Amino acid sequence: MQTKKKMKTVSLDAMIDKHVGKIGSSARETFEHELKLDLLGNAIKEARLHHNLTQEQLGQLVGVQKAQISKLENNFTNARFDTVIKVFNALHAKVNFNVQLPKRKLKIA
């Protein structure tokens, strides 16, 4: 007769701490930065597809080449802030930024 082993559950935070690094470490900061850029790229792509636009069409609306839109969506480049804003404006998307400083929180809408 076989006995089943119980699987140990671990939180996502614990897994990230173990495999990426603790909060405040340079590896963790890099990981979180890249994750945020990836989420931004996904948001741009999702909004573009919602409006049934090609990358080329969105580029024309914004005044950039198709390649720039592709790079934004695929996180290949750190885009200029004004380009990202132009993209979201062209997609009629509301953008909110949350800036956190030690002991203070600023909200920019």
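Against which helices do the buried residues of helix 4 pack? They pack against helix 2, helix 3 and helix 5. This report describes the surroundings of that arrangement in a predicted model.

## Overall composition

The secondary structure of the protein consists of 5 helices and 2 strands. Along the sequence these elements follow the order α-α-α-α-α-β-β. The protein has 109 residues, of which 19% count as buried. Its exposed surface comes to about 9,100 Å², and carbon and sulfur atoms supply 54% of that area. Among contacts between residues at least 6 apart in sequence, 38% join residues at least 24 apart.

## Helix 3 and its buried side

Helix 3 spans residues 55–62, and its buried residues are Gln55, Leu58, Gly59 and Val62. These residues lie on the same side of helix 3, because they cover an arc of only 105° around the axis. On the other side of helix 3, Gln60 and Leu61 are exposed. The buried residues of helix 3 pack against helix 2 (26–50), helix 4 (66–73) and helix 5 (81–90).

Leucine 58 belongs to helix 3. With a relative accessible area of 0%, leucine 58 is buried. When neighbours within four places in sequence are left aside, leucine 58 is in contact with Ile44, Arg48, Leu53, Ile69, Val87, Ala90 and Leu91. One of these partners, arginine 48, is 10 residues away from leucine 58 in sequence, and the two are 7.2 Å apart in space from C-alpha to C-alpha.

## Helix 4 and its buried face

In helix 4, the buried residues are Ile69, Leu72 and Glu73. Seen down the axis of helix 4, they fall within an arc of 95°, so they line one face of the helix. Two of the helices against which they pack, helix 2 and helix 3, are taken up elsewhere in this report.

Helix 2 and helix 4 pack at an angle of about 125°, and their axes are 7 Å apart. The two helices are therefore oblique to each other. On the side of helix 2, the residues that take part are Gly41, Asn42, Ile44, Lys45 and Arg48, and they meet Ile69, Leu72 and Glu73 in helix 4. The residues named for helix 4 in this pairing are also buried residues of that helix.

## Helix 2 and helix 5

How do the axes of helix 2 and helix 5 cross, and within what distance do they come? The axes come within 10 Å and cross at roughly 30°. That angle makes helix 2 roughly parallel to helix 5. The crossing in which helix 2 passes helix 5 is left-handed. In this pairing, Leu40, Ala43 and Ile44 of helix 2 meet Val84, Val87 and Phe88 of helix 5. Ile44 of helix 2 thus appears in the pairing with helix 5 and also in the pairing with helix 4.

Threonine 83 is a residue of helix 5. Its relative accessibility is 12%, and threonine 83 therefore counts as buried, the limit being under 20%. Apart from residues up to four places away in sequence, threonine 83 touches Val62, Val64 and Leu72. Of these, Val62 is one of the buried residues of helix 3, and Leu72 is one of the buried residues of helix 4.

## Residues with a positive phi

Several residues take a positive phi, and the table lists them with their places.

| Residue | Phi | Place |
|---|---|---|
| Asparagine 52 | about 55° | loop between helix 2 and helix 3 |
| Glycine 63 | about 95° | just after helix 3 |
| Asparagine 75 | about 60° | just after helix 4 |
| Histidine 92 | about 55° | loop between helix 5 and strand 1 (97–101) |

Asparagine 52 has its positive phi although it is not a glycine. Are asparagine 52 and histidine 92 buried or exposed? Asparagine 52 counts as exposed at 68% relative accessibility. Histidine 92, which is likewise not a glycine, is exposed with a relative accessible area of 70%.

Methods. Residues numbered from 1 in each chain as written. Predicted model: local features only at pLDDT ≥ 70, side-chain atom pairs only at ≥ 80, totals over all residues. Heavy atoms only, no water. Helix = DSSP H or I, 4+ residues; strand = E, 2+ residues; numbered from the N terminus. Buried < 20%, exposed > 50% of the residue type's maximum accessible area, 1.4 Å probe, protein only. Contact = heavy atoms within 4.5 Å. Areas by Shrake-Rupley, 256 points an atom, 1.4 Å probe, with all protein chains shown as cover. Arc of directions from axis to C-beta. Axes fitted to C-alpha atoms, helices over the stretch in contact; angles between N-to-C directions. Parallel < 35°, antiparallel > 145°, perpendicular 65-115°, else oblique. Left-handed = near helix turned anticlockwise from the far one by under 90°.
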